[in-house]
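Please walk through this structure with an eye to how its helices pack and where its pockets lie. The explanation below starts with a helix and then turns to the core and the pockets.

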Amino acid sequence: LSYMNAYSVITNILVFPSSLTTKDALKGYLDAWNVGKTDTEAITYSDVMSDVTSGLGAIVSVVSGVLVVFASISLIVSSLMTAIITYIRVVERTQEIGVLRACGASKGNVAEIFESETAVVGIVAGLIGIGATYLLCQPINLFLKREFSAYVFTDIAWLSPWFALGMLGVSVLLALLSGLIPALLAARKDPVVCLRSDE
């Protein structure tokens, strides 16, 4: 094309930098070249890799948002189920509540019994979730390394111990909050009525 003086035939040029650092240096060179140039003299370029990574980032953000919504719904449903189960336990143990109150237990003691039970439920649920996460991380990482063997990366799926402790704390807190209303209802029951109950 240079020999034929046919530069007008050239519409674009593909450049493949050898690394990310050289890519940034190349973009800096082109930006420096375009300083002070007219539109016809300036070089218009597009960073395909940046476009791809930004597109993937947008997809990951959308998927993460959807997962957060599903996780929030599951937390709400599990909290409601914990509250229902705690209330069922309160109804089934009406006579026990009456006996405890007759023996000198205060309203706070009765509430603490049911709250401690919901705390145990929260601890067990949190430990099950953490254990399932640790068990699933290994096969996920093995699958990704096998399918994308051309790329060298560390384990993508992993759970930090601090995140695990945070998950356990959130699980216990949600269990305590969901069992609070049934525990207060149990504490406010009349001991005489409870002792007369057939349940």
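Helix 4 has 41 residues, which at 1.5 Å a residue should span 60 Å (the expected span being 1.5 Å times one less than the number of residues), and its end C-alpha atoms are indeed 60 Å apart, so the two values agree. Helices here are DSSP runs of H or I with at least four residues, strands being runs of E with at least two, and both are numbered from the N terminus. This is a predicted model, in which local features need pLDDT of at least 70 and side-chain atom pairs count only at pLDDT 80 or more, while totals for chains, interfaces and linings use all residues. Residues are numbered from 1 along each chain as its sequence is written, and side-chain values use heavy atoms, with hydrogens and water left out.

The buried residues of helix 4 (buried meaning under 20% relative accessible area, exposed over 50% and partly exposed in between, with a 1.4 Å probe and protein chains only) include Val110, Ala111, Phe114, Glu115 and Leu144. The buried residues of helix 4 pack against helix 2, helix 3 (94-102), helix 5 and helix 6, where contact means heavy atoms within 4.5 Å.

The largest nonpolar core (a set of buried Ala, Val, Leu, Ile, Met, Phe, Trp, Tyr and Cys residues joined through side-chain atoms within 4.5 Å) has 9 residues, among them Val110, Ala111, Phe114 and Ala183. Helix 4 (107-147) and helix 6 (180-187) are the elements that give two or more residues to this core. Leaving aside residues up to four places away in sequence, Ala183 touches Ala111, Phe114 and Glu115.

The largest pocket holds about 740 Å³ of space. A pocket is an open set of points on a 1 Å grid over the protein atoms alone, where a 1.4 Å probe fits, with protein on both sides within 12 Å along at least five of seven lines, and lining residues have an atom within 4 Å of a point; grid points are joined across faces, edges and corners, and a volume is the space filled by probe spheres set on the points. Of the 20 residues lining the largest pocket, Ile13, Leu14, Val15, Tyr45 and Ser46 are the closest to its centre, and helix 1 gives the most to the lining, with 4 residues.

The second largest pocket, with a volume of about 390 Å³, is lined by 18 residues, of which Leu75, Ser78, Ala125, Ser171 and Leu174 lie nearest its centre.
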